Structures are given as structure tokens and as C-alpha cells.
Amino acid sequence: MADLLALFRVMLTIREAELALARLFAEDEVPGFIHLSVGQEGVAAGVCSALGPGDSLASTHRGHGHAIARGIALEEFFAEVMGRSGGICRGRGGSMHVADLARGMLGANGIVGAGAPIALGAALAHQVRGTKGVTVAFFGDGALAEGALHETLNMAAVWRLPLLLVCENNGWAEFSRSDTQVALKLSAWAAAFGVPHNEVDGIDAAAVADTAAEAVAALRRGEGPHVLEARTHRWRGHFEGDPQRYRDPEETGRMAAHDPLARSRTALLAAGIAEAELEMAERAALTAVAAAIAGARAMPPPDWETAQLGAYAPTKG
Ligand SMILES: Cc1ncc(C[n+]2csc(CCOP(=O)(O)OP(=O)(O)O)c2C)c(N)n1
Ligand SMILES: [Mg+2]
């Protein structure tokens, strides 16, 4: 059974971190583009709770929640997104390239669907090395229009790889409803490759965690890949600053009714957890985020001397 209080804490950290990023972005403290996952925290927290330290995951352009749920150090996370030298990738990647290889976090990815084949390779490595590890590939509903995803599922099914494909189905692909671009139902897609598929309500972090844990257990038994489809809601624009003219304001107004945090808060109170304990968790998340931002702000940007580090392979002799 899922530890709902632990999930609540992870979701709180993601929420506070992303709301802080929205403010930092508006104040020009974040270079580039950011895509927030506010409203989708239940999926990141639930899926990552099913993973062990030796497992791997590949993320998406909307990947802050995945990195935080995987346990990235908050200060290194903010420093990366804010382009500071102490960032997890030395401040050179930014939001869409946050990677933390020590935690098996293979990276966010600005190319839709491109995390899937990377995850496939990691799943193959787990199988070949006999690690018993598994790999998660997060992707959005819009990625189903990408060939790379289909090739990934095919190869994973043929080789029975320990790969959990997690679709965060928020109904949108950039500025279009994804059903105007993708003719496919995920359940039918998985069935076509002979792969099990589960659908879960992404607002219910405990349900996501339990379903993911069962799928991961099957992966560790060597039963081949699995597709997990979480219905979820993108509260904000596609990117920060998106005026969302394409979206019915009524839909955005209804978003607070689909809140994974409110949902778990109510469930925790009903289970007898004291209000004071929840408030303490809320304060702790705020404090941790504020401290991480202060730490990141104190760091210099990457210096010119090392600007090319990591961009090219070292030349020989
Ligand atoms: C190969 C590719 N095509 C198009 C884009 C532009 N693009 C960025 S995000 C996105 C939509 C993604 O939708 P989805 O996968 O559902 O993720 P969501 O944004 O809803 O989380 C598109 C088309 C891209 N980054 N990569
Ligand atoms: Mg989407």
C-alpha cells in the first residue's frame, strides 16, 4: 500500500518548486523556456515511489516533477534551471535538460517522444547486465504521434525489456487537443503489441503508486514491458507565458477541482493524520524551496573558460 503522507510531501515540493519557478521566470531569473506540471504531480510522485535506487527514468520537456520525485537535490535543481554553475549539469542544460545520472535520471528532453528510445536502451542495459533494475519512460499524449515511441514499444515487447511506459495524458499537445492529432487509444496500442496496459486517475497519487508498484514488480519478474496511462490535467499554459487563447477559460477555471494535493490532503485527514502535521509538511516544502533558491542565486553563472566542457569529446593526442 502506498505511503500517502510521503507522496503528499513529494507533491508539495514539486508544487512549491514549480510555483516558485513561475515567479522566477516572470522576473527573468530563468533563461529559456519552462513548461510546468502543476496539476500533474500525482503521476510523478506515484510512479517514482515505485522505483528503487538502481532504476532509471527518462523524462520529457515537462520534467521538473520527475526530477524532484526522483530525489534530485533541490539546490542543484534550481541552480540548473536558473543557469548557475552549481547546477546538476553545471548550469548548461536548463529546464529541458535536467539530468541526474547518479539517480538514474537520464534527462528531461525537448524533443517530443525522444526519451522513449533512450529509456529503451537503459532497459536493455538492465537486462543484459542482469541488474534486476527497471526503466521508466515518461511521455505525453501528444508523443503518440511520434514514430520513436512505436519503435520503442515494439523492441521492448520483442526483447521483453523491463520498460514501464508512462503516458501523462493531459489531453493537450501544445495548443491543440491531442485527439485532433492522434487517432490512437493507448489501450489498443498496447494490445497491438501484446503489452499489458493499465489506466489510472492521475489525481489519485496513491492509486498511481499502487498501480506502478504492481507493474514494476512484473517488470522485475521479467514479464516484459508495461504501459501505464494516467489521466491528468495541465493547469497552466503549454509554457510559462502562454496566453492560452486556444483554451476555453471555463476549462482552466475548473482545474482546481482536479487537484492531486487537495485530494491526498482530504484522504490523509480522513485517515486520522492531524491538520498540524500537514501544515508542518506544507511549511517544510516552502522552506526547502526558499533555501534552494537562495543557494542557487548565490552561485555564479558558468564561466567562459569551461563553456565547451561536455560539448565535444576530448581530442586525442
Ligand atoms: C519532435 C517534436 N515535434 C514537435 C515539438 C514541439 N512540441 C513541444 S511540446 C509539444 C506537445 C507535447 O504534447 P504532449 O506530449 O502531450 O506533452 P504535454 O506538453 O501535454 O505535457 C510539441 C508538439 C517538439 N518539441 N518535438
Ligand atoms: Mg499532453
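Helices (H or I, at least four residues) and strands (E, at least two) are taken here as DSSP runs, numbered from the N terminus. On that count, the protein chain of this predicted model comes to eleven helices and seven strands. Its radius of gyration is 19 Å, close to the 20 Å that the globule rule gives for 317 residues, so the chain is as compact as a globular protein of that length. Along the principal axes, the C-alpha atoms fill a box of roughly 65 × 50 × 40 Å. Half the chain, or 50% of the 317 residues, counts as buried. As for contacts between residues at least 6 apart in sequence, 75% of them join residues at least 24 apart.

Two helices are worth a look in turn. Helix α5 takes in residues 115-129, and its end C-alpha atoms sit 21 Å apart, which agrees with the 21 Å that 15 residues should span at 1.5 Å a residue. Its buried residues are Gly115, Ala116, Ile118, Ala119, Leu120, Ala122, Ala123, His126 and Gln127. The cover over these buried residues includes β1 (56-58), β2 (135-140), α6 (147-159) and β3. Just past the end of α5 comes Gly130, with a positive phi of about 65°.

Helix α8 (residues 205-220) tells a similar kind of story. Its 16 residues reach 22 Å from first C-alpha to last, close to the 22 Å expected at 1.5 Å a residue. Buried here are Ala205, Ala206, Val208, Ala209, Thr211, Ala212, Ala215, Val216 and Leu219. These buried residues of α8 pack against α1 (4-26), α2 (41-49) and α10 (260-270) on the helical side of the list, and against the strands β3 (163-169), β6 (197-201) and β7 (226-231). Following α8 is Gly222, again with a positive phi, this one near 85°.

Val134 ties the two helices together. It lies in the loop between α5 and β2, and it counts as buried because it has 30 C-beta neighbours inside 10 Å, where 20 or more are needed. Leaving out residues up to four places away in sequence, Val134 touches His126, Val216, Leu219 and Arg220, along with Asp55, Pro162 and Leu164. Ala122 of α5 is twelve residues from Val134 in sequence, and their C-alpha atoms are 8.3 Å apart.

That leaves the ligand. Around ligand 1 there are 16 residues, of which Arg62, Val112, Gly140, Gly142 and Ala173 come nearest. By type, the shell divides into five nonpolar, seven polar and four charged residues.

Methods. Residues numbered from 1 in each chain as written. Chains lettered and ligands numbered in written order. Predicted model: local features only at pLDDT ≥ 70, side-chain atom pairs only at ≥ 80, totals over all residues. Near = placed C-beta within 6 Å. Nonpolar A, V, L, I, M, F, W, Y, C, P; charged D, E, K, R; others polar. Expected span 1.5 Å × (residues − 1). Buried ≥ 20, exposed ≤ 12 C-beta atoms within 10 Å, placed from the backbone. Contact = placed C-beta atoms within 7 Å. Rg over C-alpha atoms; globule rule 2.2 N^0.38 Å.
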